[in-house]
Every structure is written in structure tokens, then in C-alpha cells.
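Dear colleague,

I am handing over the structure we spoke about, and below it I have set out what was found when its features were worked through. Please read the notes with the structure open beside you.

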Amino acid sequence: MMQNFIQEFINYISVERGLAKNTLLAYRRDLNLYVNYLKKSGVDNPGVVTREHVSTFLYDLKKKGLTTTSICRALTAVKMFHRFLVRENLFKDDPTSLVETPKTWKRVPEVLSQSEMEMIIQAAFGKTPQMIRDYAILELFYASGMRVTELADLKMGGLNFDAGYIRCIGKGSKERLIPIGKKSREAIALYCKKVRPKLEAKSSGTDILFLSRLGKRISRQFLWTLIKAYAKKANIKKNIKPHTLRHTFATHLLEHGADLRSVQEMLGHSDISTTQIYTHVDKERLKSIHKQFHPRG
């Protein structure tokens, strides 16, 4: 029974709210965890779920070692699920209405310094087709702050070199324009002139900008591996994650005086509170400088 209701819910948020595919997958994973937990408690009917069931589910996730962020995300999925059931008049009560959200501790994301970012980009500099492509990818990552999936999906039609913008399709199929600088434009232009035509010839033709050696769309996993490989080549010891270059892009903009609203727009954040994490990064940097250079630091 529960799985049927979950499918109805996923269909609803997919159509009505236009959520991204990865978001839908995350909600489904969290709700499957929830349903499996309830089944172990002998519950397979949303109508008999109580506040205690939801609270103990969250506690069970905590015992399994999930982070507070992951637990909060799971609770969001569960809350949305039960609200949907009540809104559709499938059930009368929402057992999550009085469940408190665990406090989240905003962790300052790992970022690269300007010199570290330059070292990674330069590690890809070369004359081989692969290095020309990889160099263009890294230059664009740093120039735009796009998500990994957004860059993998970027199309030739999204480039506007004359205006100095790229058109990006983000979460929820929302479109945004991101300005890019001279260095990234030059790197992409070189790739498009010398490398991409040969890669495209290996496939049946595609509008995707960055292609694999077989002429296929590159995957987000490939991009993550690429970034880590060049970070290793540059001897960067930090733990590089898919979002590291995005965090670095936003942090460096703020460090050089960009306003928060502009950074929010370039990142494609619907809520400015999401962007505000980067102000914490800047504060941490200032604290570090103060400690290092002040006589009584």
C-alpha cells in the first residue's frame, strides 16, 4: 500500500513542481528508507502512522550514522509525503505536523585558494586533444560555478561568445545566463575548433558541448574523476568533491567584492539563504588572516 502512495507522490512532485531528476531520486530513496522502517514496526498504512513513528525513524537514521543534513533531508521528504496525502484527501491527519526539524549546523564547505585553482587548471594545459578539452572544462567550471550535471548537459546552442554568456539549464529545468571571462571563452573556442569536430564525427551528431573520446555525452562521474585527477597531478591534498569548484567560484567572487544577490543569480539558488553559506566561508578566511597576522592572534 505504502509504495503505491509513494509513487503517486513522486508523480505529483515531478509534474506539478517540476523537480530535477536527482531530487526526485533522493526523495524516493529517503521515502523507501521510511517505508522499510515502518514495515519493521508492522505499519503499512499511512493512516496509522503517528508522530512517534516519525520521530523514532529519525532517531534510527541517527543511530546508523547519517549526518544531520541527510536526516533533515529525509524528514523533508516524509513531511512533503504526508502533506500530499492530506491535501489529496486520502488521509485526514498529518503525523509530521508536530515533528521538530533537527538543527542543522552549517558546515563551511571546502574551497580552493586562487593559487590552488590555478594549479589545477594549469595541470590540464597541453596540446593533446584530451588536454585541450579538459583544460576548457576546468576553465569553464571555475568561470561559471555550474553544477557538475549542468556542465555535462551544456549544449553548443547555449554558447554566446559575442555577448560573453552561456545559457545553462539548472534544477527544475530553470534557465539562467552566466557571464564567462576571456580565458574560458578562449579555451572553449580552441576546443570547439580543434577537438570537438573530430569527437562529434564518432557519433551520430549531437549538440552537447563536451564529448567523450567516443563522441558521447560525458557523465557527471567522469567530470568528478577528471577534477580529482588534475588536483592530484597539481599535488593538491584537499578532499575534492563535485561541488568544490562551485564553492570556490562563489567564495572567490565574494572575496573580491561581488554582492550576494549577483552570486545567488549566477549559482541558480532559488533562496538567498542557500547562498549565504559563502559569507561564512569569507568570515572564516578573515578569522584565519587575523589569527595569522595579528600580534595577539
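One aromatic cluster is formed by Phe-9, Tyr-12, Phe-81 and Phe-84, and in reading this and everything that follows, please keep in mind that the model is a predicted one. Aromatic pairs number 8 in the structure. In the pair made by Phe-9 and Phe-81, the ring centres are 5.9 Å apart and the planes stand at 75°, so this pair is edge-to-face, given that plane angles over 60 degrees are counted that way. Because Phe-9 belongs to helix α1 (residues 2-16) and Phe-81 to helix α4 (residues 68-87), the pair ties together parts that are 72 residues apart in sequence. Both Phe-9 and Phe-81 are buried.

A second pair is that of Phe-125 and Tyr-135, whose ring centres lie 5.3 Å apart with the planes at 75°, so that this pair, too, is edge-to-face. Phe-125 sits in the loop between α5 (114-123) and α6 (129-144), while Tyr-135 is in helix α6, and the pair links distant parts of the chain, 10 residues apart. What is the relative accessible area of Phe-125, and is the residue buried or exposed? Phe-125 has a relative accessible area of 53% and is exposed, whereas Tyr-135, with a relative accessibility of 16%, counts as buried.

Turning to the helices, α3 (residues 51-63) is the one that was looked at in detail. Helix α3 has 13 residues and spans 19 Å from its first C-alpha to its last, which is close to the 18 Å expected at 1.5 Å a residue. The buried residues in α3 are His-53, Val-54, Phe-57, Leu-58, Asp-60 and Leu-61. These residues cover an arc of only 155° around the axis, which puts them on the same side of α3. As background, an α-helix has 3.6 residues a turn, so residues three or four places apart point the same way. On the face of α3 turned away from the buried side are the exposed residues Glu-52, Tyr-59, Lys-62 and Lys-63. The cover over the buried residues of α3 includes α2 (21-40) and α4, and α4 is also the helix that holds Phe-81 of the aromatic pair described above. After α3 comes Gly-65, which has a positive phi near 95°.

The sheet is the next topic. Three strands form an open sheet in the order β1-β2-β3, with antiparallel pairing, and its edge strands are β1 (159-160) and β3 (175-179), each of which pairs on one side only. Strand β1 is joined by 2 bridges to strand β2 (residues 165-169), and the two run antiparallel. In these bridges, Asn-160 has Tyr-165 of β2 as its partner, and Leu-159 has Ile-166 of β2. The hairpin formed by β1 and β2 has 4 residues between the strands, and Gly-164 in the turn has a positive phi of about 75°.

On the other side of the pairing, β2 and β3 are antiparallel over 5 bridges, and Ile-166 stands opposite Ile-178 in β3. These two strands also form a hairpin, here with 5 residues between them, and Gly-172 in the turn has a positive phi of about 65°. Which side chains of β2 point to one face and are buried, and which point to the other and are not? Ile-166 and Cys-168 point to the buried face, while Tyr-165, Arg-167 and Ile-169 point to the other face and are not buried. In a regular strand, the side chains alternate between the two faces of the sheet.

Lastly, two residues other than glycine may deserve a look at their backbone angles. Asn-89 has a positive phi of about 60° although it is not a glycine; Asn-89 is placed in the loop between α4 and α5, and it is exposed, with a relative accessible area of 69%. Asn-235 has a phi near 65°, likewise positive in a residue other than glycine; Asn-235 is placed in the loop between α10 (220-233) and α11 (244-255), and it is exposed, with a relative accessible area of 52%.

With best regards

Notes: Residues numbered from 1 in each chain as written. Predicted model: local features only at pLDDT ≥ 70, side-chain atom pairs only at ≥ 80, totals over all residues. Heavy atoms only, no water. Phe/Tyr/Trp six-rings, centres within 6.5 Å; stacked < 30°, edge-to-face > 60°. Buried < 20%, exposed > 50% of the residue type's maximum accessible area, 1.4 Å probe, protein only. Pairing = 2+ DSSP bridges. Expected span 1.5 Å × (residues − 1). Arc of directions from axis to C-beta. Contact = heavy atoms within 4.5 Å.
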